[in-house]
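Please open the structure in your viewer and have the selection tool ready. We will go from stop to stop, picking residues as we go.

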Amino acid sequence: MKHKPSGFGTSCQVHRVAETNRRECLKKITHMLVRQEMDLRLSQTEQTKKAQALHGNRSDKMRTYNYRADKIIDHRYKVSVSGIQLYFSNPEKFLGFHKEVSLGWQLQKLAEITSDFES
C-alpha cells in the first residue's frame, strides 16, 4: 500500500485476511505521517530556539548588576545606571533606565523590519 502525497509505502502480510492486512498498513502509514509531522515541528522549534539564543558564551550576557561599582549595565543596548541599591528598593526612580532599554529594543526591531523590506 502506498500513500501518494507523501510517497510512503508499506506492506503487511501478517494476517490471512486482506482487509486486516490493509488496516495494519494504514496504521503503519499513519504512524509514519505522524512521526514526520512531529519531526518537522521539532526541527522548527529547534531552529527558533537557535535563532533566539546567541552563542551561549559568557560574553552574551544581557545585564550586569555590579554591586562593587554600584552600577547596572545593560549590554544589549549599552545603557548604564548607577545606584543599584536604590534600583532594588525603589524601582520607580529608574523608569528612565527602563525607557532607554525599551527604546533600544524598539530601535533594534525597527532596524530588523526595515532590513527585511530592503532585501
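What follows is a short tour of a predicted model, one selection at a time.

**Stop 1: the core.** Start by selecting Ile 72, Tyr 77, Val 79, Val 81, Ile 84, Tyr 87, Phe 94, Phe 97 and Val 101, the nine residues of the largest nonpolar core. Colour β5 (79-82), α2 (84-89) and α3 (95-118) as well, since these are the elements that give two or more residues to this core. Now centre on Phe 97. Setting aside residues up to four places away in sequence, Phe 97 touches Arg 63, Ile 72, Asp 74, Val 79, Val 81 and Tyr 87.

**Stop 2: a salt bridge between strands.** Two of those contacts of Phe 97, Arg 63 and Asp 74, are worth selecting next. Their side chains form a salt bridge, 3.1 Å from N to O. This pair links distant parts of the chain, with Asp 74 in strand β4 (residues 71-74) and Arg 63 in strand β3, 11 residues apart. Is Asp 74 buried or exposed? Asp 74 counts as buried because its relative accessibility is 0%, whereas Arg 63 is partly exposed at 26%.

**Stop 3: salt bridges along helices.** By the rule used here, the model has four salt bridges. For another, select Glu 37 and Arg 41, whose closest N and O atoms are 3.0 Å apart. The two are four residues apart in helix α1, so about one helical turn separates them. Glu 37 is partly exposed at 36% relative accessibility, and Arg 41 is exposed at 54%. Then move to helix α3, where Lys 109 and Glu 112 are three residues apart, again about one helical turn. Their side chains meet in a salt bridge of 3.6 Å, N to O.

**Stop 4: a buried asparagine.** Go back to helix α1 and select Asn 21. At 10% relative accessibility, Asn 21 counts as buried. Show its surroundings: beyond its neighbours within four places in sequence, Asn 21 is in contact with Cys 12, Gln 13, Val 14 and His 15. A polar atom of the Asn 21 side chain lies 2.9 Å from the backbone nitrogen of His 15.

**Stop 5: the surface.** Switch on the surface and select Tyr 65, Tyr 67 and Phe 88, which form a nonpolar patch with about 330 Å² of accessible area together. Phe 88 belongs to helix α2 and is partly exposed, with a relative accessible area of 44%.

**Last stop: a loop.** Finish at Lys 61, in the loop between α1 (18-52) and β3 (63-66). Lys 61 is partly exposed at 40% relative accessibility. Try a C-alpha to C-alpha distance to Gln 47: the two are 14 residues apart in sequence and 21 Å apart in space.

Conventions. Residues are numbered from 1 along each chain as its sequence is written. This is a predicted model: local features need pLDDT of at least 70, side-chain atom pairs count only at pLDDT 80 or more; totals for chains, interfaces and linings use all residues. Side-chain values use heavy atoms; hydrogens and water are left out. Buried means under 20% relative accessible area, exposed over 50%, partly exposed in between (1.4 Å probe, protein chains only). A nonpolar core is a set of buried Ala, Val, Leu, Ile, Met, Phe, Trp, Tyr and Cys residues joined through side-chain atoms within 4.5 Å. Contact means heavy atoms within 4.5 Å. Patches are made of residues with over 30% relative accessible area and no salt bridge: like charges are joined within 9 Å, nonpolar side chains (Val, Leu, Ile, Met, Phe, Trp, Tyr) within 5 Å. Accessible areas come from the Shrake-Rupley method with a 1.4 Å probe; for residues, only the protein chains shown count as cover. A polar contact is a pair of N or O atoms within 3.5 Å; within protein, one must be able to donate a hydrogen and the other to accept it, and residues adjacent in sequence count only if both atoms are side-chain atoms.
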